[in-house]
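Got the viewer open? Here is a short walk through the model, one selection at a time.

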Amino acid sequence: MAGSSASLRAYVIARVILMVPMLLLLLTFTFLLLRVAPGDPVNAIYGERGNPQVIDQIKRELGLYDPLYVQYFTYLRSVFTGNMGTSILTSKPVIEEVQDRMPATLELTFSSMIVASVLGIGLGTFAGTRRDRPADYGTRIFAAMAYNIPIFWFGLILKLIFGLWLGWLPVSGRFSPRLSPPPHVTGLYTIDSLLALDLRAFVDSVAHLILPSLTLGIVLAGFFIRITRVNVIQAMGSDFVEAARARGIPEQAVFFQHALKNALVPVITTMGLTFALLFSGAILTETVFSFEGMGRFVFLAISYRDYPAIQGAVVYYGILMVVISLFIDILNAFVDPRIRY
Amino acid sequence: MAGWFARGRISVVGRLMGSFLQKSRTIAGVIVWIGIAIVLAIILMAMLAPFIAPFDPNTKVANPETAPGGPFLMGTDRSGQDVLSRIIWGARVPLAIIAVATTMSLVIGLPIGLLSGFVGGRLDRILVLVMDSIYAFPGLLLAIVVAAIIGRGILNISFAIAVVYIPTYFRVIRNHVASVKQEPYVEAAMALGMPRRRVIGRYVLPNVAQSIPVIFSVNAADSVLTEAGLTFLGLGLPPGIPDWGFDISLNWQRFDAVWWATFYPGLFILILTTALTFIGEGLNDILNPLLRKKEYKSVAEA
């Protein structure tokens, strides 16, 4: 056992070291793509009405007239000194913008993932163990509709019902303006308020999270139900399950100890891959619920060709992807003892 | 608790499995037909729009934000336009987007996938790497980038959506080709000296083609959603063209008071995308031998 955990540690270290060249490549690619694409930040922000001389001046100050390699190395230097450049749109350092918004997106994606996993694995197993019966078809129709609902429209409906008609939950933002936010530790309001032992702030921040994460989570659950169902069906029909049954093991134990565990490995892997899907949904969900997270930030940055902001967001997104896939690998290594690194 | 694990009682209900199987196949068939019927109805609605829409979709026909009722079945929007008429005309945009975007992805993704899977080697590895990186990128974000670069319009939006979907066709086709390539009949054809192009056209493509309808239906549903999402964010079509996504983006800020102007367009998006998914799901049930094989096996052993 000691040997395998040592090799897992070596694997994790190798992956983290590999992250540096990977991010550099990603950054270079984004840098080039942005320069090749038509339009530039100053024109996008000031529009056609802007005074040409002023625009010219700003462009010079931003170094947009410098040769490409000069711009590239200036930018790389700012990345390695850790401040990721300054947003052209907001004139704030990109790293500050990200620090403000990343916690919002982390809270949203993490809580949506919980909603989606509980619903997805629960209903997927429910349908998979009742294959071709009415319950199976009902669940599948629910999954098809959940996955195909326009996410922003679904968010609006939840907002209307639970926020405005019933008045149970707040419909926008991350925190009530009448309460004072907890002292900044992680930036995640839920965790910070717990750290400060401020129960009212905790309840408030969770209440603000419920509708957005239900919106995003239910849509994603549609996808998880499908994956879980198929894998449960495959596992239930496999030779090892039949062998377990032949040995007279009770059906419930066969299911929980043999089938479900095997069904979950591909499900967990797929969940890691759905981060891309989650982020797409987050852009729209954040818009509907005025939830100031990375999705909104990236969308605005792209609309205004805010080069440093886009590049900074890409770097953080890349880091997040690596961390998540690493996490998934480790999780799978625990669930499936055959997986070793 | 016993009912929870119906599959465990297969030996008990073994005699019933035959009818089970038949039933499952007909249910899958029914689902496909329901999907096809809904999609055809929407196509018909779009084609007959000039004749069946009660009002002109771009004209103010009543007070803004009139509630549903009377001549306005679904009410009017913030500009006083008839919501129902806009929905009928608005079906044209998603259908056009589906047609153009899926064709583009298929026309680009299929040949690259065939080539990559059949040729293999270094070319295959590079293509897989490129396609996988596009695939790992959030789809809507990619579409936003492309749309922000090339601008508005049906063709532009379709292209932005097509880019997102090329890797999906590529992956499925490529993996399928890579496995079909190992089949004895393909090896036999190659050994007999049949030119590569004919081997692909005659033996590989027909075998791989069965996975296209399933991807197509998922792709079609997703392209409707992506278009609506882009339009919602203000990157979709220019104003003036009735479009379900655009109508939502126009009216959603007033959703609390004027729910009908946002609710109905969204409902139609949901109906269309769900119908498309029904087609795909049903076809998948019928075509996917991986899940079906187990069924036969259980029957044989029961």
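Before the clicking starts, one definition: two residues are in contact if their C-beta atoms, placed from the backbone, lie within 7 Å. Keep in mind, too, that this is a predicted model.

**Stop 1: chain B as a whole**

Colour chain B by secondary structure. You'll get 13 helices and zero strands, so to speak an α-α-α-α-α-α-α-α-α-α-α-α-α pattern along the sequence. Of the 302 residues in chain B, 45% count as buried. Now take the contacts in chain B between residues at least 6 apart in sequence: 71% of them join residues at least 24 apart.

**Stop 2: α8 and α9 of chain B**

Select residues 184-191 of chain B for α8 and 196-208 for α9. Their axes come within 10 Å and cross at roughly 160 degrees. The two helices, α8(B) and α9(B), are therefore roughly antiparallel to each other, as the cut-off for that label is an angle over 145 degrees. The crossing of α8(B) and α9(B) is right-handed.

Which residues in α8(B) meet α9(B)? Show side chains for B:Y185, B:V186, B:A189 and B:M190 on the α8(B) side, then B:V199, B:Y203 and B:V204 on the α9(B) side. The contact of α8(B) with α9(B) divides into seven nonpolar residues, no polar and no charged. While you look at the spacing, recall that an α-helix has 3.6 residues a turn, so residues three or four places apart point the same way.

**Stop 3: α4 and α10 of chain B**

Next, select residues 92-119 of chain B, which is α4, together with residues 212-232, which is α10. These axes come within 9 Å and cross at roughly 125 degrees. That angle makes α4(B) oblique to α10(B). The handedness of the α4(B) and α10(B) crossing is right-handed.

To see the contact itself, pick B:P94, B:I97, B:I98, B:A101, B:T102 and B:S105 from α4(B). From α10(B), add B:F216, B:N219, B:A220, B:S223, B:V224 and B:E227. What kinds of residue make up the contact of α4(B) with α10(B)? Colour by residue class and you'll find seven nonpolar, four polar and one charged.

**Stop 4: two residues of chain B with partners further along**

Zoom in on B:P64, in the loop between α2 (49-52) and α3 (83-90) of chain B. Is B:P64 buried, exposed or partly exposed? B:P64 has 14 other C-beta atoms within 10 Å, so it is partly exposed. Leaving aside residues up to four places away in sequence, B:P64 touches B:T76, B:R78, B:S79 and B:G80. Try a distance label from B:P64 to B:G75: the C-alpha atoms are separated by 9.0 Å, with the residues eleven apart along the chain.

Then jump to B:L44 in helix α1 (residues 14-47) of chain B. B:L44 is exposed, with 12 other C-beta atoms within 10 Å. The C-alpha atoms of B:L44 and B:I88 are separated by 9.9 Å, and these residues are 44 apart along the chain.

**Stop 5: where the chains touch**

Bring both chains back into view. The contact takes 39 residues from chain A and 43 residues from chain B. On chain A, the helices that each supply at least two residues of the side touching chain B are α6 (134-148), α7 (151-165), α9 (199-236), α11 (251-273), α12 (275-288) and α13 (294-303). The largest share of that side, six residues, comes from α12(A). By class, the side of chain A that touches chain B divides into 24 nonpolar, eight polar and seven charged residues.

Stay on α6(A) for a moment. At 1.5 Å a residue, its 15 residues should span 21 Å, and the end C-alpha atoms of α6(A) are 21 Å apart, which agrees. Highlight the buried residues of α6(A): A:D136, A:T139, A:R140, A:A143, A:A144, A:A146, A:Y147 and A:N148.

**Stop 6: two positive phi values in chain A**

Finish in the loops. A:S290 lies between α12 and α13 of chain A, and its phi is near 45 degrees, a positive value in a residue other than glycine. A:S290 counts as exposed, with 12 C-beta neighbours inside 10 Å.

Move on to A:R305, in the loop between α13 and α14 (307-335) of chain A. A:R305 also isn't a glycine, yet has a positive phi of about 50 degrees. Is A:R305 buried or exposed? A:R305 is buried, with 22 other C-beta atoms within 10 Å.

Technical notes
Residues numbered from 1 in each chain as written. Chains lettered and ligands numbered in written order. Predicted model: local features only at pLDDT ≥ 70, side-chain atom pairs only at ≥ 80, totals over all residues. Helix = DSSP H or I, 4+ residues; strand = E, 2+ residues; numbered from the N terminus. Buried ≥ 20, exposed ≤ 12 C-beta atoms within 10 Å, placed from the backbone. Nonpolar A, V, L, I, M, F, W, Y, C, P; charged D, E, K, R; others polar. Axes fitted to C-alpha atoms, helices over the stretch in contact; angles between N-to-C directions. Parallel < 35°, antiparallel > 145°, perpendicular 65-115°, else oblique. Left-handed = near helix turned anticlockwise from the far one by under 90°. Expected span 1.5 Å × (residues − 1).
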